[in-house]
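Reader: I am in my first year and would like to look closely at a single part of a protein model. Could you take me through it slowly?

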Amino acid sequence: MEIVCRAGIQVTGDGAREVHDDIIVEDCIRLFLNGEYLTTLVACLDRLADLGAGFVICEGLADEVDSVEVSGKDIYVTAPVERDVHLEVESSGGYRVLGEPKAVSSSNTVTADGIRAVTAAIESDTWRRTGGVHCSVLFCDGKLITRACDVGRHNTVDKVVGYAALHGIDRSTCVLGCTGRQPAGMVAKAANAGIPIVASRAASTDRGILTAERAGLTLICFSRGERFTIYTHPERVPDVYSQVKKA
């Protein structure tokens, strides 16, 4: 992940001074699917194989990919495509494939402490250094499997899902942690990837919650410190759900 130093004038209550800040670099990446141009992604120039594989899976185009090749800023993915490709601009400014997300089928559960552990792992050195990236993490059996940073919150999900796909990890046993908001497009990515539980430090939207409910996905937001809010399918957090049922 490329970082550059840029000069600026920092203004505070005590006046103004010149500063030199570490700034994250964003780039444009072209994605090709089965030999045909699919879309251009605005992203950081790292983990491009994970990004390409994850995008195809998270947009519901395929459950798995056959191969991924990277040449410069071009990603070539080969996969058994399952649906027609129609793109729209989503709330993050990127593109998503139109259509209902896949239904999630998983008996995976997580404890309240497990959610807190996922949330604690989301913060990255790159964010502390630049303040200019989102981050996603993927946990499996209570262990951190991978962490990805990017200028786009949607790209971070694609990268961790792509990593799981390329390393043969069963995504139905995973918990996804994110820094970014969870509108419908972000929730749909996790659902299409077959991930049953998503925990975000940020908020959702009404359509994000509705999408999670319909897809059978457990959506947890405002996960910060000790607190979090479960919006859908709380039965996957049994130690919390049992308390509510008894109240």
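My starting point is Asp63: is Asp63 buried, partly exposed or exposed?

Author: This is a predicted model, so the values below are computed from predicted coordinates. Asp63 counts as partly exposed, because its relative accessibility is 36%, which lies between the 20% under which a residue is buried and the 50% over which a residue is exposed. The side chain of Asp63 meets that of Lys102 in a salt bridge, with 2.5 Å from N to O. Asp63 sits in the loop between α1 and β5 (67-71), whereas Lys102 sits in the loop between β8 (95-97) and α2 (112-122), so this salt bridge ties together parts that are 39 residues apart in sequence. Lys102, for its part, is also described as partly exposed, at 22% relative accessibility.

The pair of Asp63 and Lys102 can be set beside other salt bridges, for the structure holds 14 of them. One of these joins Asp22 to Arg129, whose closest N and O atoms are 2.9 Å apart. Since Asp22 belongs to strand β2 (residues 15-24) and Arg129 to helix α3 (residues 125-130), this contact ties together parts that are 107 residues apart in sequence. Asp22 is partly exposed, with a relative accessible area of 26%. Another salt bridge is formed by Glu123 and Arg128, with 3.0 Å between the closest N and O atoms; here Glu123 is partly exposed at 32%, and Arg128 is partly exposed at 48%. In addition, Asp46, Asp150 and Lys159 are joined into one network by salt bridges that share partners.

Lys159 leads on to helix α4 (residues 153-166), since Lys159 is among the buried residues of that helix. The helix has 14 residues and reaches 20 Å from its first C-alpha to its last, close to the 20 Å expected at 1.5 Å a residue. Because 12 of the 14 residues of α4 are buried, the helix is largely enclosed by the rest of the structure. Those buried residues pack against several elements, including α1 (48-58), and α1 is also the helix that comes before the loop holding Asp63. Other elements that the buried residues of α4 pack against include β4 (36-43), β10 (143-150) and α5 (184-192). Just after α4, Gly168 takes a positive phi of about 65°.

How values were computed:
Residues numbered from 1 in each chain as written. Predicted model: local features only at pLDDT ≥ 70, side-chain atom pairs only at ≥ 80, totals over all residues. Heavy atoms only, no water. Helix = DSSP H or I, 4+ residues; strand = E, 2+ residues; numbered from the N terminus. Expected span 1.5 Å × (residues − 1). Buried < 20%, exposed > 50% of the residue type's maximum accessible area, 1.4 Å probe, protein only. Contact = heavy atoms within 4.5 Å. Salt bridge = Lys/Arg side-chain N within 4 Å of Asp/Glu carboxyl O.
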